[in-house]
Amino acid sequence: MNYLRRRFSDTNIAANLPNGYLSGLGGEDDKNQQQPAAAPPRGTSAPSSPARSMPPGGMAGGRDGERNTTKTLLVIDDQHTDWGKYFRGKRINNEYEIRVEQADFSEINLAAYSDTGTMIDMQINRQGTKVVRSFRPDFVLVRQHCRGLDANQDYRSVILGLRWGAIPSVNTLLSIYNFMEKPWVYAHLLQIRKRIGKEKFPLIDRAYYPNHKEMLITPKFPVVVKIGHAHAGLGKVKVENHHDFQDIASVVAVANTYATTEPFIDAKHDIRVQKIGNNYKAYMRTSISGNWKANTGSAMLEQIPMTEKYRVWVDAVSEIFGGLDICAVEAIHGKDGKDYIIEVNDSTMPLLGENQEEDRQLISDVVLQRMTQVCRAGASAAQNINKSMTGFLNLGGSASAPPSASSSHSTLPGAQAGAAGPPPADEDQAESIRKLRKAFSGIFGEP
């Protein structure tokens, strides 16, 4: 029964079986097995090297059994917002409490393993006190851009480590990774425009240059040149003529990155349409300082009615990259009376105006909903495995029973039965194992 012993050596599976479920499978061999060794004591890992032995989701020095009643939510954001208060007192399926661990990307160290998942160490400073946290997250909320202007602000390695551990998140880690490069996002917005038409999705026309060497064809001026993957209005320059355009090309050469150009739109105001779960809001932002960038300098922000036109925009965007729970569409309303969609933001979008507190609460509701779905899916899968194992073990017991004399005579002619006799015990056991192998292959992934 070595095959079964190997399969049931997984503690995660064995822990879900009823007491005594596996007793007697190996006959006398079970009586000779040594008792399993005691679990190693918990310890605190160094911040620079996440501990592989850290129990899943367990905090260093945490209470015994805490993992069974608590789910850990990692929020990646700066400390201007205390996300813990938005989840305080909330429970998942009326069973699990939510423990919030919050840090920005620069404070996170992790290591990911194919068998034990992603282990995180955080070394954070709180009011002058250094605090170390070691845990395995059950869920992640990403509210911070994983790439900045500086090369030292590239944290895509953290996203890769979280994905390695298959940790669910809002928005999904797949979409977070896809939003790292704006030309990649724009390419998907082009597909939306082709699918539903420019009238319903008025995406601005744009040109892409992978490097400064390709910036030879002079566009129609004035244009806006955007350098690299910068956000929040950074890296954007208004260019009036071809002389300035060549100067900007030299800046792109020094930056050693790509650039895009789009026609300059004389804007009357900016439009922001956001979607958080099933909640929609639309804003109008008008520059007061006269800056052509409405998000730079003084501006007046006003919430406006949510129209069907705006709903079509944001609903179409929310479907890219497998679905976005949180997203926003940025557009310009020109003095020519036309709208131009210029940008899309994901779960890292800034919150605007007087509704920021409400929006944070809406985000926490979305996270709670997703965490509940993950827990229910996990519980359902565990129940299905237990039911399947019950049937498989019963199959093994009946298959290993030797055939009776009456059954052998009823299925074989008398002469053949007398000549062949009952199958040897070792062949019968081998047949039983073959059946069990075939039955278990669907769960354990064997061919």
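How many bridges join strand E4 to E5, and in which sense do the two strands run? I would like to open with that pair, and the answer is that strand E4, residues 108-113, is joined to E5 by 6 bridges, with the two strands running antiparallel. Before going further I should say that this is a predicted model, and that everything I describe today was computed from it.

Let me stay with strand E5 for a moment. The connection from E4 to E5 is a hairpin of 3 residues, and within the pairing Ala111 has Met119 in E5 as its bridge partner. Strand E5 itself covers residues 117-126, and it is mostly covered, since 7 of its 10 residues are buried. On E5 there is also a pairing with strand E6, residues 129-135, again in the antiparallel sense and over 7 bridges, where Ile124 finds its bridge partner in Val131 of E6. The hairpin of E5 and E6 has 2 residues between the strands, and in that hairpin Gln127 takes a positive phi near 55°.

Now for the protein as a whole. There are 13 helices and 17 strands, and of the 447 residues 42% are buried. Among contacts with a separation of 6 or more, 66% are between residues 24 or more positions apart. The accessible surface comes to about 24500 Å², and carbon and sulfur atoms account for 51% of that.

I turn next to two sheets, beginning with the one that has mixed pairing. This is an open sheet of 5 strands in the order E2-E3-E1-E7-E8, and its edge strands are E2, residues 91-92, and E8, residues 169-170, each of which pairs on one side only. Inside the sheet, strand E1, residues 70-76, runs parallel to strand E7, residues 139-142, and 4 bridges join them, with Leu74 having Val140 as its bridge partner in E7.

The other sheet is also open and also has 5 strands, in the order E15-E14-E13-E16-E17, but here the pairing is antiparallel. Strand E15 (299-304) and strand E17 (339-345) stand at the edges, and each has a single partner strand, so one side of each is left without a neighbour in the sheet. On average, and ignoring direction, neighbouring strands of this sheet are turned by 25° against each other. Helix H9, residues 308-317, packs on the sheet and touches E13, E14, E15, E16 and E17, while its direction makes about 55° with that of E13. Strand E16, residues 326-334, is joined to E17 by 6 antiparallel bridges, and there Ile332 stands opposite Tyr340.

Which residue of strand E13 might we look at in detail, and what does its side chain touch? I have chosen Gln274, which is placed in strand E13, residues 267-276. Its relative accessible area is 0%, and because buried means under 20%, Gln274 counts as buried. The side chain of Gln274 makes a polar contact, at 3.1 Å, with the side chain of Asp359. Leaving aside neighbours within four places in sequence, the residues in contact with Gln274 include Tyr280, Val314, Cys327 and Met349, as well as Asp359.

There are also some backbone features to point out, and they are worth setting against a general rule: most residues other than glycine have a negative phi, and most peptide bonds are trans. In this model, the peptide bond from Val170 to Asn171 is cis, with omega near -20°, and Asn171 lies in the loop between E8 and helix H6. The peptide bond from Phe221 to Pro222 is cis as well, with omega near 0°, and Pro222 is found in the loop between strands E9 and E10.

As for phi, Asn93 has a positive value of about 55° although it is not a glycine, and Asn93 sits in the loop between E2 and strand E3, where, at 31% relative accessibility, it counts as partly exposed. Phe321 has a positive phi near 55° too, and its place is the loop between H9 and E16, but Phe321, at 10% relative accessibility, counts as buried.

Finally, a word on the cysteines: how many disulfides does a search of the whole structure find? The search finds 0. Among the cysteines, Cys146 counts as buried at 7% relative accessibility, and Cys375 counts as buried at 15%.

How values were computed. Residues numbered from 1 in each chain as written. Predicted model: local features only at pLDDT ≥ 70, side-chain atom pairs only at ≥ 80, totals over all residues. Heavy atoms only, no water. Helix = DSSP H or I, 4+ residues; strand = E, 2+ residues; numbered from the N terminus. Buried < 20%, exposed > 50% of the residue type's maximum accessible area, 1.4 Å probe, protein only. Contact = heavy atoms within 4.5 Å. Areas by Shrake-Rupley, 256 points an atom, 1.4 Å probe, with all protein chains shown as cover. Polar contact = N/O pair within 3.5 Å; in protein donor to acceptor, adjacent residues only side chain to side chain. Pairing = 2+ DSSP bridges. Axes fitted to C-alpha atoms, helices over the stretch in contact; angles between N-to-C directions. Disulfide = S-S within 2.5 Å.
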